[in-house]
Structures are given as structure tokens and as C-alpha cells.
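Student: I would like a close look at one part of this protein, starting from a single residue and working outward to what surrounds it. Please take me through it in one connected account.

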Amino acid sequence: MATDLTSLLGEGVILDPVSAETRKQALTTLASALAERTGLDARDIFDAVMERERLGSTGVGEGVAIPHARIEKLPHPIGGFVRLQSGVDFDAVDDRPCDLIFMLIAPVGSGADHLRALAQVSRTLRQPDLREALRKADSAVKMRAILCPEAANASAA
């Protein structure tokens, strides 16, 4: 089973655990980090993701949310990940608060690529052992080793 998200996180961001009181705070944190990394406008990212959130929750259950949106001026899908110190309400399908947040932004014209990337993130974060490891990790470096093992192995070689 595919468990490596290097293709999405290599140019994206993984943040150290943060505290957020609301879904908007969590999304603002990730949008700002992705904007800094990509040169896009943080407000454009946040607004696009919130527009998608209004269509239906991206809380997929088991404490996981995968907010996503299509953005102009982006060459390919890019991701950002954060573990919240305590979960926030994402109107998840199982009504659990979400503490593992993976934000995916993709180019406007990337229908199939966007869906493939969402499926890859979903398959990866569906694994109970991986979620547990992410919840125990206390730094972005440790979370990157869990989410991007191929990159960690390549740099160790």
C-alpha cells in the first residue's frame, strides 16, 4: 500500500504540532505556511479552501481532515500537514474532532491529478498505525520521516 507522500510534501510543508481553537485557525495556519512556501497569496489559499469546506466537510473520520482546493498559478498538487495539539471540529463524518490535517492545493485544471492526490492522501491517513505514529511524533522532522519514508531513506543512503 502506498504510504509515501513525498510527491506532495517535497515542495510542501510539514509543521511542528500547533494549537488551534477552531477549524479556521487550523486552515489559516496551513494556508499561511503553504503561501510562504509557494509564493501564492495566503488569503487566496484560505478562501479557496473555505469555499470547498462550505460544500461539505473534509473531515473524513478518525481525527483526520483533508481540506483541499484548486488554485490558480500552481504548477502541480502540493500538500501541507499539521498535527494539532488537540482536535477541532471539522464536522467530520464520525463527529470526532480532527487533529491530523492535510491541506492539498492543486492547479485549477488538474481534475484527475487532484483526485489521484486526494486518494493517495486518504489511503495513507486511513492506516491506524500511521495515524498513531503521527500523534506520538513531537516534531515536523519526525512527522516527515513517517509521511515521506522514501525521501528519508534516500537521504540516509
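Tutor: Leu 8 has its place in helix α1, which covers residues 6-9, and everything said about this residue refers to a predicted model. Its relative accessibility is 5%, and because buried means under 20% relative accessible area, Leu 8 counts as buried. Leaving aside neighbours within four places in sequence, Leu 8 is in contact with Pro 77, Ile 78, Gly 79, Phe 102, Leu 104, Ala 117, Gln 120 and Val 121. For a sense of distance, Leu 8 and Arg 43 are 35 residues apart in sequence, and their C-alpha atoms are 21 Å apart in space.

One of the partners of Leu 8, Gln 120, belongs to helix α4, residues 111-125. Gln 120 is buried as well, with a relative accessible area of 16%. When residues up to four places away in sequence are not counted, Gln 120 touches Asp 4, Leu 5, Ser 7 and Leu 8, so the contact with Leu 8 can be read from either residue, contact here meaning heavy atoms within 4.5 Å.

From here the account turns to the nonpolar cores. The largest of them has 30 residues, and those with the most contacts inside it are Ile 45, Ile 71, Ile 101 and Ile 105. The elements that give two or more residues to this core are α2 (23-38), α3 (42-55), β4 (68-71), β5 (78-88) and β6 (98-107), and the largest share, seven residues, comes from α2. Apart from this core lies another, of 21 residues, and among its members are Leu 104, Ala 117, Leu 118 and Leu 125; Leu 104 and Ala 117 have already appeared as contacts of Leu 8. Within the largest core, Ile 45 touches Ala 31, Leu 34, Ala 35, Leu 40, Ile 71, Met 103 and Ile 105, again not counting residues up to four places away in sequence.

Helix α2 deserves a passage of its own. It has 16 residues and reaches 22 Å from its first C-alpha to its last, close to the 22 Å expected at 1.5 Å a residue. The buried residues of α2 are Arg 23, Ala 26, Leu 27, Leu 30, Ala 31, Ala 33, Leu 34 and Ala 35. An α-helix has 3.6 residues a turn, so residues three or four places apart point the same way. The buried residues of α2 pack against β1 (13-14), α3, β5 and β6. After α2 comes Gly 39, whose phi is positive, near 85°.

These parts sit within a protein of seven helices and six strands, whose elements run α-β-α-α-β-β-β-β-β-α-α-α-α from the N terminus on. Of its 157 residues, 48% count as buried, and among contacts with a separation of 6 or more, 72% are between residues 24 or more positions apart. The radius of gyration is 14 Å, which agrees with the value near 15 Å that a compact globule of 157 residues would have, while the C-alpha trace spans about 40 × 35 × 25 Å along its principal axes.

As for confidence, the mean pLDDT of the protein is 92, and 94% of its residues reach 70 or more. Among the elements, helix α7 (residues 149-156) has the lowest mean pLDDT, 66, and strand β3 (residues 64-65) the highest, 98.

Key:
Residues are numbered from 1 along each chain as its sequence is written. This is a predicted model: local features need pLDDT of at least 70, side-chain atom pairs count only at pLDDT 80 or more; totals for chains, interfaces and linings use all residues. Side-chain values use heavy atoms; hydrogens and water are left out. A nonpolar core is a set of buried Ala, Val, Leu, Ile, Met, Phe, Trp, Tyr and Cys residues joined through side-chain atoms within 4.5 Å. Buried means under 20% relative accessible area, exposed over 50%, partly exposed in between (1.4 Å probe, protein chains only). Helices (H or I, at least four residues) and strands (E, at least two) are DSSP runs, numbered from the N terminus. The expected span of a helix is 1.5 Å times one less than its number of residues. pLDDT is the predictor's confidence in each residue, from 0 to 100. The radius of gyration is taken over C-alpha atoms; the globule rule is 2.2 Å times the number of residues to the power 0.38.
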